Amino acid sequence: MKTALITGILGQDGPYLAKFLLEKNYKVYGMIRRYSNPNFENLDYLKITDKIEYVDGDMNDDSSLINLIKNLRPDEVYNLAAQSFVGSSWEMAKLTTEVNSLGVLYLLNAIKFFSPMTKFYQASTSEMFGLSNHNGSQDETTPFHPRSPYAISKVYAYWMTVNFRESFGIFACNGILFNHESPIRGLQFVTRKITDGVAKIKYGLANKLALGNLDAKRDWGFAGDYVEAMYLMLQQDKADDYVVGTGENHSVREFVELAFKYAGIPNWKKYVVIDPRFKRPAEVHALRAKWDKAKKVLGWQPKVKFEELVKMMVEADLKRYKQQLDLQK
Ligand code: NAP
Ligand code: F7E
């Protein structure tokens, strides 16, 4: 039985990846921080909470990572833990750097010294491309131009991952993933904020949805599809870096329009207000993946299309609020 350690198990991608690996008969260890009351909601949603073995660790605490790697010596480590919200990274630049940059160095060092055969996946991001438009789409050769402390912290981690591969022969891969969403996406990210807001409006629990820049464009895919690409990267003969996305991009405005449409609410403009607090000091205007390498080498491709993704998220949030309201009756 293969073993995998997933950091960031309580987030969005952790549960989807864990489910995927459990179906492949892996023993899955999920790293969680010391909390008096950890939130297992996302794992509950996928019905896998009791199938994972939880281990303590914090990306800010190198000794906890050393202990884990030394004791578990897992076949694969998927590093998904991060301060992942771009919007907060300007206010929390130091914390973002410690978790997203130094945390990766600690993990790589632990692997190098205590379990050099462990394969390592680093959750890199399209945010690293930032302003690098590159004729409208970005691939593995596109130069980085990060626009936020979050993106900068991830550029450090990207290069450290490459460097441990080149310097010490560690099987370390970067998945440069474009935005991926799901019904368990964090509520502050724009897609889930919209679908949650739309559901509240539908049930009369809110009458406004405050957003920032509606013109920003992203290549949005489904998280459930993208975890397969993470796994495939670690099954190759040679470690490498891959861009993962859909090749289509859409604006925040288009997402809003569709979400209101799927909820059956006419005239979205009546509800959406622009609040400058949700605009960023430096915006990433448009991103679109050129994911040919993932298709050619990994044999991977996305399954869920944009319209389907919006519908899936709207329906899930409508169902959540309906269940809550039914319980209150
Ligand atoms: P997420 O929902 O924000 O989950 C991140 C997880 O990291 C959370 O469960 C959080 O734990 C954990 N974490 C934060 N600080 C930690 C620390 N000091 N020690 C241990 N754990 C810590 O993120 P996601 O959307 O699943 O994304 C997974 C990874 O992919 C992240 O690294 C993100 O930056 C990257 N990424 C995401 C996307 C995307 O579109 N989703 C695209 C490209 C790359 P708590 O639950 O305890 O707070
Ligand atoms: O913003 C605009 C905002 O916060 C998307 C993370 O998973 O994906 C994510 O980062 C766009 C931006 O995601 C609001 O200005 C408008 O242009 O959903 P987001 P993100 O910044 O793209 C990448 C790939 C990651 O790696 C990150 O970890 O939407 N926008 N109005 C808004 N964004 C938010 N959050 N809230 C608004 O009200």
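**Close-up views of two ligand sites and a domain contact**

**View 1. The shell of ligand 1 in this predicted model holds 25 residues.** The closest of them are Asp-13, Arg-33, Ser-84, Tyr-150 and Lys-154; a residue is near a molecule if one of its heavy atoms lies within 4 Å of it. By class, twelve are nonpolar, eight polar and five charged. Here Ala, Val, Leu, Ile, Met, Phe, Trp, Tyr, Cys and Pro count as nonpolar, Asp, Glu, Lys and Arg as charged, and the others, Gly among them, as polar.

Before you zoom in, a word on conventions: in this predicted model, local features need pLDDT of at least 70 and side-chain atom pairs count only at pLDDT 80 or more, while totals for chains, interfaces and linings use all residues. Residues are numbered from 1 along each chain as its sequence is written, chains are lettered from A and ligands numbered from 1 in the order in which they are written, and side-chain values use heavy atoms, with hydrogens and water left out.

**View 2. Backbone and side-chain atoms make polar contacts with ligand 1.** Such a contact is a pair of N or O atoms within 3.5 Å. A backbone N or O atom of Gln-12 sits 3.0 Å from a ligand 1 oxygen, and for a polar backbone atom of Ala-82 the distance to an oxygen atom of ligand 1 is 3.1 Å. Arg-185 uses a polar side-chain atom, 3.1 Å from a nitrogen atom of ligand 1. On its own, ligand 1 has 890 Å² of accessible area (Shrake-Rupley method, 1.4 Å probe), and the protein covers 87% of it. Two elements, β5 (119-125) and α5 (149-168), each give two or more residues to this shell; β5 has the largest share, with three. Helices (H or I, at least four residues) and strands (E, at least two) are DSSP runs, numbered from the N terminus.

**View 3. Ligand 2 has 23 residues around it.** Ser-84, Thr-125, Tyr-150, Arg-280 and Glu-283 come nearest. Look for the Tyr-150 side chain, with an N or O atom 2.7 Å from an oxygen atom of ligand 2, and for Lys-193, whose polar side-chain atom is 2.7 Å from a ligand 2 oxygen. Gln-188 adds a backbone N or O atom 2.9 Å from a nitrogen atom of ligand 2. The protein covers 96% of the 700 Å² of accessible area that ligand 2 has on its own. Both α6 (190-202) and β8 (209-211) give two or more residues to the shell, which divides into ten nonpolar, seven polar and six charged residues. Domain 1 and domain 2 each supply at least three.

**View 4. Domain 1 (3-180 + 220-244) meets domain 2 (186-218 + 250-285 + 306-328).** These bounds come from an automatic or database domain assignment. The domain centres, taken over C-alpha atoms, are 27 Å apart. Their contact (heavy atoms within 4.5 Å) takes 15 residues from domain 1 and 20 from domain 2. Together they bury about 1600 Å², 67% of it on carbon and sulfur atoms; this is the accessible area (1.4 Å probe) lost on being put together, summed over both parts. In domain 1, Phe-85, Arg-147 and Trp-220 lose the most area to domain 2, together 49% of what that side buries.

Notes
A polar contact is a pair of N or O atoms within 3.5 Å; within protein, one must be able to donate a hydrogen and the other to accept it, and residues adjacent in sequence count only if both atoms are side-chain atoms. Buried area is the accessible area (1.4 Å probe) that two parts lose on being put together, summed over both.
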